[in-house]
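Work through the exercises below with the sequence and the 3D structure open beside you. Try each task before reading its solution.

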Amino acid sequence: MGIDLSLIWVLIIGFGLMMYVVMDGFDLGIGILFPFVPQTPQRDLMVNTVAPVWDGNETWLVLGGAGLLAAFPLAYSVLLSALYVPILAMLLGLILRGVGFEFRFKADESHRPVWDIAFCAGSYVAAFAQGAALGAFINGFVVTGPTYEGGAMDWLSPFSVFTGFGVIVSYALLGSTWLTMKTEGELQGRMIAIARRIVPVLLFGIAVVSLWTPLAHGAIAQRWFSMPGIVLFAPVPILVVATCWQLLRLLTGGADGKVPGAGPFLLALFLLFLGYTGLAISLWPHIIPPNVTFREAAAPVQSQGFALVGALLIIPMILVYTGWAYYVFRGKVTGSEGYH
Amino acid sequence: MSNIDPLLLARAQFGFTISFHIVFPAITIGLGSYLAVLEGLWLIRKDPVYLDLYQFWSRAFAVNFAMGVVSGLVMAYEFGTNWSGFSSFAGGITGPLLAYEVLTAFFLEAGFLGVMLFGRNKVGPGLHFFATLMVAAGTIVSMTWILASNSWMQTPQGYEIIDGRVVPTDWLKVIFNPSFPYRLVHMGLAAYLATALFVGATGAWHLLKYHDNPRVRTMFSMAMWMILITAPLQILAGDQQGLNTLEYQPAKVAAMEGYWSNTPGDGMAETLFGWPDMAEQKTLDAVEVPHLGSLILTHSWDGQIKGLDDFPAQDRPDATILFWTFRLMVGLAMLMLLLGLGGAWFRWRGTLYDNRLFLRFATVMGPTGIIAMLAGWITTEVGRQPWVVYGVMRTADAVSHHSVQAMTVSLAVFVVVYCAVFGTGLSYLVRVVTTVPDRGPAAPNAEDPTHRPARPLSAAPDIDPSPIQAAE
């Protein structure tokens, strides 16, 4: 047997989507936090912390789409058709958010609030749509043959609405801890306070999803609560609780009352990583839940192999120069700098 | 009817979103290379005019790039949301090509854009130039992959159909398919020409408004040189692509010419104007020039091509549309050639910056590169119909099974959002380029080295909300 191309591609796409969630997560989080920061100079500062990098962050989403089309065209066509409404909502949200970045600084004073609203609303819509799509994905799809035959609104369920809000809360945590790292003074203080309140809300959300999922899906419940699944899963909730506890500890200043730096952000990333991993273990190896596995949706070997050469050569280079760009724009962003 | 309507709506949606999108990358390709040339000239000659022009055009680049990114994201998902039949059938070929585009181009552009727009005080001049080069290269690499993908849909080869889907057998044949080199050259030149017309119109407008300064003169002069070189090359490239199309997609050429049937032994007339009527199967009110069609299409006096009558009715593209979009493109190309020659003439006479009639002409020509490019794309894409992969898969079999209602609502939302968002963006772009290009700070590194970046548009200083009045 040769190289397991499909397996490698699942890992690459999974990695790309995780990079997207993490990186555009804190960008979107900034828009989500806008209603809690009404002052224009502070909003400018928040946007300035991600201005040089947001394009690259969003590119991971394009890689997810193109990678899925290249390696699992069946999954790409069925999932995107089934998720037509949330995907379109996400794209429109990302359009408003993306141009909001650009236009809000340049609009006349009278138009500026419009682009503030576009930036904020776009972030909410995109985050909610991603979460709802995730919920619908866990719920599974009606598939007969190579096409999706369900209705346009089948994605909508109480569960998918809940996961929609869950993703908004997750991104808000990423955004607030990112800003805790990148700002100082009053804005940082406010972000710390917000992050502190988000942590228990998110913990509650994770708990609800963790109970709801096995109750609604027998197959997932069976995987969770039988050997060897239970051994694999047992550390996940323990790690989640421990991470949240440590996060709160850092945000309240720890033992010696220090102002937190990058710690909360890194812990928030880890928390998302845990949720992501738990999800992956639950659904493995299905790429169109509940029935189609990633091997059944695989592209021809010639397609997967050709694209894999590029992916393995180029993704490390991308990580290097993306890291360099973050390095160039490292450090705190303060009010006296950047845009006025 | 219920089967046709979602298809038409899906085509309308794709046509609408891609037409908006293509404008931005085309200008990004042209401006990216222009900025690289400007920065290179500045590094070599140390003439601050080039640096000032770099700063001026990088503002337009930033606005344009952002709109290209967000409108392009839609395209990456629309293949799946609206064309699931195509994606599951041909994803094995278009998918890897798109994946290479993302990996080799999109990340490169996005990764170095931040440094290019905000990093002048954070990295050395050499590294900054390198970032500009990487962004410019990214735009060209991106064009190359997407045109390989599109050309494969026009002239597919290097594949087999196994179990009802496309399996690539020879990637070199897939990428270097017969129409790819022609399309790549034609589109590359279109991007450069459209950008040169845009830059030239900007310079001409400032000259007309008496904003005469070395920066305005330099941009106008460079643009006129560029048009003089690229317009004739583009006409040549278009002719070559036409011959290539005649070889591989003869029905498309017959439709472009509104040409229905041959008279045995006689050369083809060229129909200058007329109304190809698909129902009546002839071209009404035709104004013809004998033998000109043979000369253009076969480069011989009596050559013949297949007419539309030689193809079954269900395999004919819509000649009414193609006939006119093709003529619009060619007509504009002739005007561009005239503009390039006019520029050379007035430069030789020493009145390039003073002849107000010519400056008005150059201003009016500003958007024609974009219009001609869109007309050309409509010609080649509508001309591929009724196929999505030429001769292999029909567009009707490619579309997702959405309801009329879902497609109508989504199309309406796209139209409203795109017109509002990108309409505003274009007005902002106009505002940026109608600001008088002033002298920048003497030396960039003299600025506060701790200066932080803001976002792309803040690469520009604040702009007066009414620059036109302010300038007068």
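The exercises go from confidence in the model to backbone details, a helix, the core, the domains and the chain interface.

**Exercise 1. Confidence**

Task: State what kind of model this is, and find which stretches have pLDDT under 50.

Solution. Step 1: this is a predicted model, with ipTM 0.87 and pTM 0.88. Step 2: take the chain averages. Chain A has a mean pLDDT of 86, and 96% of its residues score at least 70. Chain B has a mean of 87, with 92% of residues at 70 or above. Step 3: look for the weak stretches. In chain A, residues 336–340 stay under 50, and the model gives them 13 contacts beyond four places in sequence. In chain B, residues 443–472 stay under 50, with 62 such contacts. Step 4: compare the elements of chain B. Helix α15 (residues 467–471) has the lowest mean pLDDT, 37, whereas helix α6 (residues 180–208) has the highest, 96.

**Exercise 2. Cis peptide bonds**

Task: Locate the cis bond that leads into P285(A) and the one that leads into P386(B), and place each proline in the fold.

Solution. Step 1: in chain A, the bond from W284(A) to P285(A) is cis, with omega near -5°. P285(A) sits in the loop between α12 (263–283) and β3 (286–288) of chain A. Step 2: in chain B, the bond from Q385(B) to P386(B) is cis, with omega near 5°. P386(B) belongs to the loop between α12 (368–382) and β5 (387–389) of chain B.

**Exercise 3. Positive phi**

Task: For Q281(B) and H291(B), give phi, and decide whether each is buried, partly exposed or exposed.

Solution. Step 1: phi of Q281(B) is near 60°, and that of H291(B) is near 65°. Both values are positive, in residues other than glycine. Step 2: Q281(B) lies in the loop between β3 (270–277) and β4 (282–289) of chain B, and H291(B) lies in the loop between β4 and α9 (292–298) of chain B. Step 3: count neighbours. Q281(B) has 15 other C-beta atoms within 10 Å, so Q281(B) is partly exposed. H291(B) has 17 C-beta neighbours inside 10 Å, so H291(B) is partly exposed too.

**Exercise 4. Helix α14 of chain B**

Task: Check the span of α14(B) against its residue count, and list its buried residues.

Solution. Step 1: the helix runs over residues 404–433, which is 30 residues. Step 2: at 1.5 Å a residue, the expected span is 44 Å. The end C-alpha atoms are 42 Å apart, which agrees. Step 3: the buried residues are M407(B), S410(B), F414(B), Y418(B), V421(B), F422(B), G425(B), Y428(B), L429(B), V432(B) and V433(B). Step 4: read the spacing in that list with one rule in mind. An α-helix has 3.6 residues a turn, so residues three or four places apart point the same way.

**Exercise 5. V50(A) and the core**

Task: Is V50(A) buried or exposed, and which residues touch the most other members of the largest nonpolar core?

Solution. Step 1: V50(A) is in the loop between α2 (40–48) and α3 (54–71) of chain A. Step 2: V50(A) has 26 other C-beta atoms within 10 Å, so V50(A) is buried. Step 3: beyond four places in sequence, V50(A) touches D27(A) and I30(A). K182(A) is 132 residues away along the chain, with its C-alpha atom 9.5 Å from that of V50(A). Step 4: the largest nonpolar core has 252 residues, and F72(A), A75(A), L91(A), A26(B), A194(B) and I227(B) touch the most other members. The core draws at least three residues from each of domain 1 and domain 2 of chain B. Step 5: leaving out residues up to four places away, A75(A) touches L68(A), I287(A), I288(A) and A297(A).

**Exercise 6. Domains of chain B**

Task: Describe how domain 1 meets domain 2 in chain B.

Solution. Step 1: domain 1 covers 11–154 + 435–472, and domain 2 covers 176–402. Their centres, taken over C-alpha atoms, are 26 Å apart. Step 2: the contact takes 34 residues from domain 1 and 37 residues from domain 2. Step 3: on the domain 1 side, α1 (4–45), α2 (48–82), α3 (84–118) and α4 (125–154) each supply at least two residues. By class, that side has 22 nonpolar, ten polar and two charged residues.

**Exercise 7. The chain interface**

Task: Which element of chain A gives the largest share of the side that touches chain B?

Solution. Step 1: 65 residues of chain A contact 64 residues of chain B. Step 2: α5(A) gives the largest share of the chain A side, 15 residues. Step 3: that side divides into 44 nonpolar, 14 polar and seven charged residues.

Technical notes. Residues are numbered from 1 along each chain as its sequence is written. Chains are lettered from A and ligands numbered from 1 in the order in which they are written. This is a predicted model: local features need pLDDT of at least 70, side-chain atom pairs count only at pLDDT 80 or more; totals for chains, interfaces and linings use all residues. pLDDT is the predictor's confidence in each residue, from 0 to 100. Two residues are in contact if their C-beta atoms, placed from the backbone, lie within 7 Å. Helices (H or I, at least four residues) and strands (E, at least two) are DSSP runs, numbered from the N terminus. A residue is buried if 20 or more other C-beta atoms lie within 10 Å of its own, exposed if 12 or fewer, and partly exposed in between; C-beta atoms are placed from the backbone. The expected span of a helix is 1.5 Å times one less than its number of residues. A nonpolar core is a set of buried Ala, Val, Leu, Ile, Met, Phe, Trp, Tyr and Cys residues joined through C-beta atoms within 7 Å. Domain bounds come from an automatic or database domain assignment. Ala, Val, Leu, Ile, Met, Phe, Trp, Tyr, Cys and Pro count as nonpolar, Asp, Glu, Lys and Arg as charged, and the others, Gly among them, as polar.
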